[in-house]
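Q: I am new to this structure and should be grateful for a close look at a single part of it.

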Amino acid sequence: MRHAEAERKNDSDTELEDYRRTLVREGIVEAKEMVLSCAFLWKNTRAIFTSSYPRAVQTAQILHRQFPSSDFEMKTELDKFEDPKAIIRFMKKLKNGSYTFVGHDPLLSLVISRLIAGKDHPIVHLPKAGMVVIEGPDFENLKIRTVLTARIVMKL
């Protein structure tokens, strides 16, 4: 899942200022709506992993409040400018099960592309508060099950 709508980024923002951006009210509403409307997708989530950026943490916390039995952990591998290979290496170490990763684009889109198609360019682009559900028996046989955006979910 990509973090929800955050404070506006200015062209003059430094990396630290970008890091500090938090969700706006609309983003909080979008994230809550996404979590409540799609709760069936998360009911078996073992763990929620999130980028350390505040906007991603806030989005992940909204999810965690609905599913408090899931583990919750910050992973710097999900931070905005990290290498997609790092999060994939981490994923491969996890036990079979359902996990949620909350982070940023283009990183999440690149991770999805590598997992599904073995490509270094995105095959999907996640909008804010959007999510892609991937499943399969192993890492060599993953498929995209669902792609959802907040805009679609809010119309349901």
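Where does Ile123 lie? Please describe its surroundings, and then the salt bridges of the structure.

A: The model is a predicted one. Ile123 lies in the loop between α6 and β4, the latter covering residues 131-135. Its relative accessibility is 38%, so Ile123 counts as partly exposed, a class that runs between 20% and 50%. On the surface, Ile123 joins Ile144 and Val147 in a nonpolar patch. Together these three residues have about 210 Å² of accessible area.

Ile123 is also one of the residues that Ser113 touches. Ser113 has its place in helix α6, which comprises residues 107-117. With a relative accessible area of 0%, Ser113 is under the 20% cut-off and is therefore buried. Leaving aside residues up to four places away in sequence, Ser113 touches Gly118, Lys119, Asp120, His121, Pro122 and Ile123. With His121 there is a polar contact: the side chain of Ser113 reaches the backbone oxygen of His121 at 2.5 Å. Thus a buried serine touches a partly exposed isoleucine, as the list of contacts of Ser113 shows.

The salt bridges may be taken next. A search of the whole structure finds 7 of them. Asp18, Arg21, Arg55 and Lys80 are linked in a network of such bridges. Within this network, Asp18 forms a salt bridge with Arg21, and the closest N and O atoms are 2.9 Å apart. Arg21 and Asp18 are both buried. Asp18 forms a salt bridge with Lys80 as well, again with the closest N and O atoms 2.9 Å apart. Asp18 belongs to helix α1 (residues 15-20), whereas Lys80 lies in the loop between β2 (71-74) and α5 (84-92), so this pair ties together parts that are 62 residues apart in sequence. Lys80 is buried, as is Asp18.

Another salt bridge is formed by the side chains of Glu73 and Lys75, with a distance of 3.6 Å from N to O. The two partners fall on either side of the 20% cut-off for burial. Glu73 has a relative accessibility of 35% and therefore counts as partly exposed, while Lys75, at 13%, counts as buried.

To return to the residue in question, Ile123 is found in the loop between α6 and β4, is touched by Ser113, and forms part of the nonpolar patch with Ile144 and Val147.

Terms used: Residues are numbered from 1 along each chain as its sequence is written. This is a predicted model: local features need pLDDT of at least 70, side-chain atom pairs count only at pLDDT 80 or more; totals for chains, interfaces and linings use all residues. Side-chain values use heavy atoms; hydrogens and water are left out. Helices (H or I, at least four residues) and strands (E, at least two) are DSSP runs, numbered from the N terminus. Buried means under 20% relative accessible area, exposed over 50%, partly exposed in between (1.4 Å probe, protein chains only). A polar contact is a pair of N or O atoms within 3.5 Å; within protein, one must be able to donate a hydrogen and the other to accept it, and residues adjacent in sequence count only if both atoms are side-chain atoms. Contact means heavy atoms within 4.5 Å. Patches are made of residues with over 30% relative accessible area and no salt bridge: like charges are joined within 9 Å, nonpolar side chains (Val, Leu, Ile, Met, Phe, Trp, Tyr) within 5 Å. Accessible areas come from the Shrake-Rupley method with a 1.4 Å probe; for residues, only the protein chains shown count as cover. A salt bridge is a side-chain nitrogen of Lys or Arg within 4 Å of a carboxyl oxygen of Asp or Glu.
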